[in-house]
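Good morning, colleagues. I should like to take you through one protein model this morning, beginning with the overall fold and ending with a few individual residues. Please keep the display in view as I speak.

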Amino acid sequence: MGQATTSGTALGGAAIPDPYSLPLETLDVSKAGIFAANAHGEYFRRLRQEAPIHYCPDSMHGAYWSITTYDDIMAVDTNHADFSSQDNIVIGDAPEDFVTPMFIAQDPPVHDDQRKAAQPAVQRPQLAILEPQIRAHVCDILDNLPDGEFNWVDTVSRELTARMLATLFDIPQEDRLKLTHWSDVTTTAEGAGVENVDEEARKAELMECLQYFGALWAERSAKPPQMDFVSLLAHNPHTKDMMKDPLEFLGNLMLLIVGGNDTTRNSISSGVVQMDCNPGEWAKLKADPSLIPNMVAETIRFQTPLGHMRRTATRDVDFKGHNIRKGDRVVMWYVSGNRDDAFWGDPDAYRIDRPEARRHMSFGFGIHRCMGNRIGEMQLRILWEEVLKRFDRVEVTRDPKRVASNFVMGYDEVMTRVHAKS
Ligand code: HEM
């Protein structure tokens, strides 16, 4: 566990400073460039070692606490009475003139009622119905890959998640790319750590999304209940009046679109990158496909598709000797907890047979634990089952390009070439 040796380069070429060269008291781990350069690992290592509960007095988002160890993150995530999700779940505050309530950013009882309304779309009985549909999409995509080099992110990851979302909303597949577009618009927000965003253009795009789904709401309310998200919300007694506050409807749409999109997309891309970097793990998987479910969990741990969730203290709290004041931002860095060597053995290694992989933090814990975790995992499992049937290797041909965000841990580009089984 020595000093940081590698510091990456941010987008635009600016060097990322060695975290050990910066004063600990003002260390700011929220800068998007640190993540784009894949330099965040050393920053969090330093915090875990020297200040696992750390107060950053100033950042582009204001002051915030960082919670960086596995156990402390678990303690905050499971204590929703002291650490609230109300209004803001990312480090930056949502713009005050454009408040879009959504159940991930609400406390009980509203949270519980709305979550229960939407959940059946991604629960066990429905998964059995969706599995063959998802498999058909996976096969179609993999059987029609280009011959030469192509961007796996667009051709496979985006395409597959878009098709799954269109299925969950039961909208025509021709409209699927609208969903990924609106997801991108939602996550390209300053509140989520992305810099220089045109907020007005962003709002205009989201109003288009509202218009599209408003029409769908009217249509689904008039029909008997179905298992898609909009129909479930339109017919549940707790959510059937949601359209009276269109921004609340929009907020929940954004949640359901983003929740299922970026996260799964980046887990798919990450699997390809990790398999290419770790040929021994790929050989293990080919030799024993029954490892796929564990490989999926390990990929989700290793990638941590959402780097953090934020809470707000509801009162003055003495948290392990630190005086967290009412109203303070408290950021749980899952991306750090998933690499905490007090919990994980050899955490920076990608090991598809890691016995405790399923205990990763990437889905969160407590009442907000990811609602779509099973369908996300199912999609990844099916993809790798079908990849193994077809390909000897998925080769990554250039350095992948990472998303510049402290929230979405992902890839904009992973150039690949597939080698069919001989
Ligand atoms: C919540 C991650 C897939 C829908 C969350 C949370 C995380 C997360 C970290 C917040 C947990 C917390 O605050 O404690 C992921 C990852 C995924 C994934 C890593 C895939 C690998 C999905 C899918 C869907 C989905 C496929 C839906 C189709 C949601 C929803 C919530 C949520 C609705 C809010 C739950 C609540 O507030 O009660 N997810 N997610 N997620 N996720 Fe996921």
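Among the contacts in the protein with a separation of 6 or more, 70% are between residues 24 or more positions apart. I should say at once that this is a predicted model. Its secondary structure amounts to 14 helices and twelve strands. The radius of gyration is 21 Å, close to the 22 Å that the globule rule gives for 422 residues, so the protein is as compact as a globular protein of that length. Along the principal axes, the C-alpha atoms fill a box of roughly 60 × 60 × 40 Å. Buried residues make up 46% of the 422.

Let me turn to the sheet. Five strands form an open sheet with mixed pairing, and their order is E1-E2-E8-E5-E3. Which strands stand at the edges? They are E1, residues 53-56, and E3, residues 83-84; each has a single partner strand, so one side of each is left without a neighbour in the sheet. For E3, two bridges make the connection to strand E5, residues 309-313, and the two strands run antiparallel. Within E3 and E5, Phe83 stands opposite Ala313. Helix H3, residues 70-77, lies across E1, E2, E3, E5 and E8, and runs at about 125 degrees to E8.

Next, the ligand. There are 29 residues around the ligand, and those that come nearest are Gly259, Gly260, Gly364, Cys370 and Gly372. Two elements give two or more residues to this shell, namely helix H10, residues 246-277, and helix H14, residues 373-390. The largest share, seven residues, is from H10. By character, the shell holds 15 nonpolar, eleven polar and three charged residues.

I shall finish with some details of the backbone. Pro108 and Pro109 are joined by a cis peptide bond, with omega about 5 degrees. Pro109 is placed in the loop between E3 and helix H4, residues 110-118.

Where is Asn38 placed? This residue is in the loop between helix H1, residues 32-36, and helix H2, residues 40-50. Asn38 is not a glycine, yet its phi is positive, near 60 degrees. With 14 other C-beta atoms within 10 Å, Asn38 is partly exposed.

Lys320 also has a positive phi, near 50 degrees, in a residue other than glycine. Its loop is the one between strand E6, residues 317-319, and strand E7, residues 322-324. Lys320 counts as partly exposed, because it has 13 C-beta neighbours inside 10 Å.

Note on methods. Residues numbered from 1 in each chain as written. Predicted model: local features only at pLDDT ≥ 70, side-chain atom pairs only at ≥ 80, totals over all residues. Pairing = 2+ DSSP bridges. Helix = DSSP H or I, 4+ residues; strand = E, 2+ residues; numbered from the N terminus. Contact = placed C-beta atoms within 7 Å. Axes fitted to C-alpha atoms, helices over the stretch in contact; angles between N-to-C directions. Rg over C-alpha atoms; globule rule 2.2 N^0.38 Å. Buried ≥ 20, exposed ≤ 12 C-beta atoms within 10 Å, placed from the backbone. Near = placed C-beta within 6 Å. Nonpolar A, V, L, I, M, F, W, Y, C, P; charged D, E, K, R; others polar.
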